[in-house]
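User: Please take a close look at one part of this model, the packing around its long central helix, and set it in the context of the chain. A connected account would be preferred to a list.

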Amino acid sequence: MKMRNLGLLPVPVFYTERVPSLAAGGAGQGAPSKGGVPWFAPVILLRPECHGNEGILQHELEHVRQWWTSFFLTGGLVILNLCAVRVAFGETFWQAAFLGLWFSWLAHPLLYRASRRYRRWSEIRAYRVQLRYPDTRGVKMSLSAAAELLAGPRYRLGLQFKEARSLLAEE
Ligand SMILES: [Zn+2]
C-alpha cells in the first residue's frame, strides 16, 4: 500500500490482482480493467503491473476527487434539507442524518452506476487527466487509444469512437 495526496486528503493506493472484482466500473466487460475505485471507499486499487504507471494512477485519483466532491456537495444538501424539516423528523432526526450521511458517502458510486450522463462526465474528466501523464514505459496514452476505451463496452456510454475522440479533445 502507498499513500498519495489529493490536496489535504490522503488517498491509499493498493496493488492487488482483485481489481476487476472490486472496481466500480462494469466488471468483466470489454477490456479487463487495470485499476479502479471500489464502490465502498475512496481508495485506489491497481493491478500489480501498474506500478509506476502515473497515467492510470492520475486517472483513478480524478475519480477519488469526484467521490469527495459528490460527498461534500450532497452532504451539504442533505444537511440543509434535514434542517428545513427538523420538526417533521423530531426524535428520528439523528437517524435521518445518519442515513443521509451514508447516502452522501455513496453518492459517487451510486451516480456512476445509475447515470450514464454522470459516468460519461466522470470518465471524460479522468481520461483527460490520464492523457497528460506517462505510463510505465514513459509514454503518454494517445487520444485514439483513450477514445477506443471510452467508446468500448466497459463503460456502456453509448458513444461512437469519433464522438468519444472529439469529447476527449475539446477542453
Ligand atoms: Zn475511469
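Analyst: The account below goes from the chain as a whole to the sheet, then to helix 2 and its partners, and lastly to the C-terminal helices.

The model is a predicted one. Its chain contains eight helices and four strands, and these elements follow one another from the N terminus as β-β-α-β-β-α-α-α-α-α-α-α. The C-alpha trace extends over about 60 × 35 × 30 Å along its principal axes. Of the 171 residues, 24% count as buried. When contacts between residues at least 6 apart in sequence are considered, 52% of them join residues at least 24 apart.

The strands provide the first surface against which helix 2 is placed. Four strands make up an open sheet with mixed pairing, in the order 1-2-4-3. Strand 1 (2–6) and strand 3 (35–36) are the edge strands, each pairing on one side only. Strand 3 is joined to strand 4 (residues 44–46) by two bridges in the antiparallel sense, and Gly 36 stands opposite Leu 45 in strand 4. Helix 2 (residues 54–84) packs on this sheet and touches strand 1, strand 2 (9–15), strand 3 and strand 4. The direction of helix 2 makes about 155° with that of strand 4.

Helix 2 also packs with other helices, and helix 4 (residues 93–105) is one of them: the two axes come within 8 Å and cross at roughly 160°. Angles over 145 degrees count as roughly antiparallel, and helix 2 and helix 4 are therefore roughly antiparallel to each other. Their crossing is right-handed. On the side of helix 2, the contact is made by Phe 71, Thr 74, Gly 75, Val 78 and Leu 82. These residues meet Phe 93, Ala 96, Ala 97, Gly 100, Leu 101, Phe 103, Ser 104 and Trp 105 in helix 4. By class, the contact of helix 2 with helix 4 comprises nine nonpolar, four polar and no charged residues.

Leu 101, a residue of helix 4, merits separate mention. Leu 101 has 15 other C-beta atoms within 10 Å and is therefore partly exposed. Its C-alpha atom is 8.8 Å from that of Ile 79, a residue 22 places away in sequence.

A further partner of helix 2 is helix 5 (residues 107–114). The axes of helix 2 and helix 5 come within 8 Å and cross at roughly 105°. An angle from 65 to 115 degrees counts as roughly perpendicular, so helix 2 and helix 5 are described as roughly perpendicular to each other. Here Gln 66, Trp 67, Ser 70, Phe 71 and Thr 74 in helix 2 meet Ala 107, His 108 and Leu 111 in helix 5. The contact of helix 2 with helix 5 divides into four nonpolar, four polar and no charged residues. Phe 71 and Thr 74 of helix 2 thus appear both in the contact with helix 4 and in the contact with helix 5.

Beyond these partners lies helix 6 (residues 116–130), in which Glu 123 is found. Glu 123 counts as buried because 26 C-beta neighbours lie inside 10 Å. The C-alpha atoms of Glu 123 and Glu 62 are 9.1 Å apart, although 61 residues separate the two in sequence. Once neighbours within four places in sequence are set aside, Glu 123 is in contact with Leu 150 and Tyr 155.

Leu 150 leads to the last pair of helices, since it is among the residues of helix 7 that meet helix 8. Helix 7 (residues 143–151) and helix 8 (residues 161–169) pack at an angle of about 120°, with their axes 8 Å apart, and the two are therefore oblique to each other. Helix 7 passes helix 8 in a right-handed crossing. Leu 143, Ser 144, Ala 146, Ala 147, Glu 148, Leu 150 and Ala 151 in helix 7 meet Phe 161, Ala 164, Arg 165, Leu 168 and Ala 169 in helix 8. The contact of helix 7 with helix 8 has nine nonpolar, one polar and two charged residues.

The loop between helix 7 and helix 8 holds Arg 156. With 14 other C-beta atoms within 10 Å, Arg 156 is partly exposed. Arg 156 has a positive phi of about 50° although it is not a glycine. Most residues other than glycine have a negative phi.

Definitions and conventions
Residues numbered from 1 in each chain as written. Predicted model: local features only at pLDDT ≥ 70, side-chain atom pairs only at ≥ 80, totals over all residues. Axes fitted to C-alpha atoms, helices over the stretch in contact; angles between N-to-C directions. Parallel < 35°, antiparallel > 145°, perpendicular 65-115°, else oblique. Left-handed = near helix turned anticlockwise from the far one by under 90°. Contact = placed C-beta atoms within 7 Å. Nonpolar A, V, L, I, M, F, W, Y, C, P; charged D, E, K, R; others polar. Buried ≥ 20, exposed ≤ 12 C-beta atoms within 10 Å, placed from the backbone. Pairing = 2+ DSSP bridges.
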